[in-house]
Amino acid sequence: MKIAMIGAGYVGLVSGACFAEFGVDVAVVDTDPAKIEALKAGRIPIYEPRLDHLVADNAREGRLTFTTDLDEAVTGAEAVFLAVGTPTRRGDGHADLTYVFAAAEQVARAAKGPLVLVTKSTVPVGTGREVKRRVKAARPDLDIAVASNPEFLREGAAIGDFMRPDRIVIGIEEGEAGARAEAVLKRLYRPLYLIETPIVATGLETAEIIKYAANAFLAMKISFINEVADLCEKAGADVQQVARGIGLDGRIGRKFLHAGPGYGGSCFPKDTIAFARTGQDLGAPLRLVEATIAVNDGRKLAMADRVIAACGGSVAGKTIAVLGLTFKPETDDMRDAPSLDIVPKLAAAGAVIRAFDPQGMGFARQLLPAGVHYANNALDALAGAEAVVLLTEWNEFRNIAPEKLASVMRGRVMLDLRNVYDPAAMREAGFTYHSIGRP
């Protein structure tokens, strides 16, 4: 079986490599010649654990190829996946579908025979119908079935999520075209069916809403526990124990109940905004989602104020060490990371910032103020600092003993915004320790 994956970004590259691991012949297409040449040479443009080995192994076996030639890629393909970007559209918050529609029309013009065109990108409800209309207008003679197959990959754990997913969602058209698309996709996902992965087959619109609703609900859990953390601080309670106490309820679940400086990344910020805009447009406002967005935006900015307050009300001229810049560990993704709000605000208040992140500093240099100093390692960032702010819970930060932290710092202020360290141990080491929602 052969498929084509349009887009060599995060979703396209991970999905293409994982399908190849299933034994499928996968051609990954991208319009960026430099990216394709890098992939052919074995250089991976993103950081994702194990992805480099997966790409190398399947490329060596001939199952995974990279090209800029769309005609070559779609020739003989039973399914073509659209895995292009859907960024937030300037001005109104809707998802920008320019790349999706352009890619769909290009595939239609390049197709030599019947195929299934699958939207892998996160798209608003109604996109599949519009894709169908556009491809039929571009090629009225083409026998093409349109489907939706949203991805649910977590950065830092994407390969495991693809190989052992909670479910596979397949959205299909009505009639013969839909039946054909469902059959192709179920054959493609047969290795997961054999390990009893639930396959949820729905209509196009339902599949599109499932993706947005899932991300919005998870984002809402994060904002909820962050507000509960604020309450815990006022009441003298421990948010970690609260999270455990409610998370053990099977109706709630333990995941995404970790208090912190707010969510970021490539999905939650843009998807919650797009989902809320869709609700407004259709006259069915999603008020909980709208509140989630507002809470998260305010939380990031409030974290910088916490740092300033912990430093006596001013950070002017003070050296602040920042550990972690990416929105989460095990990724180099800086998109909508809390650091993009917190670090500039501290710098504007006069702080001298010394930062370290195991994977994100390359992108951080392009996004953060010019005066930020990037350290060689965590202890280098801490050298001479009056205060340290832990923003991303990389394991290598967890493994540094409090006494080691204290030995290289000038001051003893610690703001643990991810609740990584043991408060008693930090205080025993002489730190004025501030956490999120813990006494």
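**Exercise 1.** In this predicted model, find the distance at which the side chains of Asp57 and Arg60 meet, and classify the exposure of each residue.

*Solution.*
Step 1. Asp57 and Arg60 form a salt bridge through their side chains, with an N to O distance of 3.0 Å.
Step 2. Both residues belong to helix α3 (residues 51-60), and because they are three residues apart there, about one helical turn separates them.
Step 3. Asp57 has a relative accessible area of 36%; this lies between the limits of 20% and 50%, so Asp57 is partly exposed.
Step 4. Arg60 reaches 58% relative accessibility, which is over 50%, so Arg60 is exposed.

**Exercise 2.** Work through the salt bridge between Asp333 and Arg335, and state whether each residue is buried, partly exposed or exposed.

*Solution.*
Step 1. The N to O distance between the side chains of Asp333 and Arg335 is 2.9 Å.
Step 2. Asp333 has a relative accessible area of 7%, under the 20% limit, and is therefore buried.
Step 3. Arg335, at 47% relative accessibility, counts as partly exposed.

**Exercise 3.** Locate the partners of the salt bridge between Glu386 and Arg410 along the chain.

*Solution.*
Step 1. The closest N and O atoms of Glu386 and Arg410 are 2.8 Å apart.
Step 2. Glu386 sits in the loop between α16 (378-382) and β12 (387-390). Arg410 sits in the loop between α18 (402-408) and β13 (413-416).
Step 3. With these positions 24 residues apart, the pair links distant parts of the chain.
Step 4. Arg410 counts as exposed, at 58% relative accessibility.

**Exercise 4.** Give the number of salt bridges in the structure, and name the members of the network that contains Glu105.

*Solution.*
Step 1. The total is 26 salt bridges.
Step 2. Salt bridges link Glu105 with Glu130, Arg133 and Arg134 in a network.

**Exercise 5.** Describe the largest nonpolar core and the contacts of Leu325.

*Solution.*
Step 1. The largest nonpolar core has 60 residues, and those touching the most other members are Ile320, Leu325, Leu346, Ile353 and Tyr421.
Step 2. Helix α13 (residues 287-310) makes the largest contribution to this core, five residues.
Step 3. Beyond its neighbours within four places in sequence, Leu325 is in contact with residues including Met334, Ala337, Val343, Met361, Leu368 and Tyr374. The contacts of Leu325 also include Ser339, Asp357 and Thr392.
Step 4. Apart from the largest core lies another, of 42 residues, among them Ala8, Leu51, Val55 and Leu153.
Step 5. As background, nonpolar side chains tend to be buried together in soluble globular proteins.

Conventions. Residues numbered from 1 in each chain as written. Predicted model: local features only at pLDDT ≥ 70, side-chain atom pairs only at ≥ 80, totals over all residues. Heavy atoms only, no water. Core = buried A, V, L, I, M, F, W, Y, C linked by side-chain atoms within 4.5 Å. Buried < 20%, exposed > 50% of the residue type's maximum accessible area, 1.4 Å probe, protein only. Helix = DSSP H or I, 4+ residues; strand = E, 2+ residues; numbered from the N terminus. Contact = heavy atoms within 4.5 Å. Salt bridge = Lys/Arg side-chain N within 4 Å of Asp/Glu carboxyl O.
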